[in-house]
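Trainee: Hi, do you have a minute to go through a model with me? I'd like to start with the backbone and then move on to other things.

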Amino acid sequence: VNDAAVDKVLDEVITQVGVKQFEVLPENILQKSNAPTVRYILAKKAFRLKKYDQALKYLERKIEDWHPVKPFALLLEGSTYAVSKREDQAAGVFRECIEVADSQIKKQDNKARIRQLQITRDYCVVGIPRVQFATAKFDQANLSYLDLPKSSYIWPEILFEEAWNSFYLKDYNRTLGKLVTYK
């Protein structure tokens, strides 16, 4: 069996049908593949088990920017750095994620795929103020939250985060305003 050919087919199949069906496979079976999508699945499984260093190991091999799983892998990598208290690395990965997702959106015709990429990009946009908040850079976080358009699918869920950030800035009127907006 040509491993490279099998990996290519696996990548194509997983890209078309989604990762959920493959997440249930045992780790030892998935580890036999070097396909970027399979490495993403392995990293996702490790992340869920709070094995953050292992997740980063699966993601360390280069995935080309054009590869369909790249933006999702970058979101996972940035999130892994964030929960591992490596905020500077997380912010850099989130910025890369935004660029890659935007690039792929421009080349995409499939509306469902565009929406997936937009949501992933938006979570990467929000990842930046989240790491700024975690490092008590509340003024920067306040400005960074503005990078997420109000038309975004995820905008309503970040209102609580913005309210907390405003609270830490002692801007209580804005805190209440964000909470009322959510209501």
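Trainee: Which residue just after α10 takes a positive phi?

Mentor: That's Lys-170, with a phi of about 60°. Keep in mind that this is a predicted model.

Trainee: And α10 itself, which of its residues are buried?

Mentor: Helix α10 runs over residues 159-168, and its buried residues are Leu-159, Glu-162, Ala-163, Asn-165 and Ser-166. They cover an arc of only 160° around the axis, so they sit on the same side of α10.

Trainee: What covers those buried residues?

Mentor: The cover includes α8, α9 (138-145) and α11 (172-182).

Trainee: Changing topic: how many disulfides does the structure hold?

Mentor: Just one. Cys-97 is joined to Cys-124, with an S to S distance of 2.1 Å.

Trainee: Where in the chain are the two cysteines?

Mentor: Cys-97 is in helix α7 (residues 87-106) and Cys-124 is in helix α8 (residues 111-134). They are 27 residues apart, and the pair links distant parts of the chain. You've met α8 already, as part of what covers the buried residues of α10.

Trainee: Is the disulfide right-handed or left-handed, and why?

Mentor: Right-handed, because the torsion about the S-S bond of Cys-97 and Cys-124 is about 70°.

Trainee: Last one: is Cys-97 buried or exposed? And what about Cys-124?

Mentor: Cys-97 is buried, because its relative accessible area is 0% and the cut-off for buried is under 20%. Cys-124 is buried too, with a relative accessible area of 0%.

Notes
Residues numbered from 1 in each chain as written. Predicted model: local features only at pLDDT ≥ 70, side-chain atom pairs only at ≥ 80, totals over all residues. Heavy atoms only, no water. Disulfide = S-S within 2.5 Å. Helix = DSSP H or I, 4+ residues; strand = E, 2+ residues; numbered from the N terminus. Buried < 20%, exposed > 50% of the residue type's maximum accessible area, 1.4 Å probe, protein only. Arc of directions from axis to C-beta. Contact = heavy atoms within 4.5 Å.
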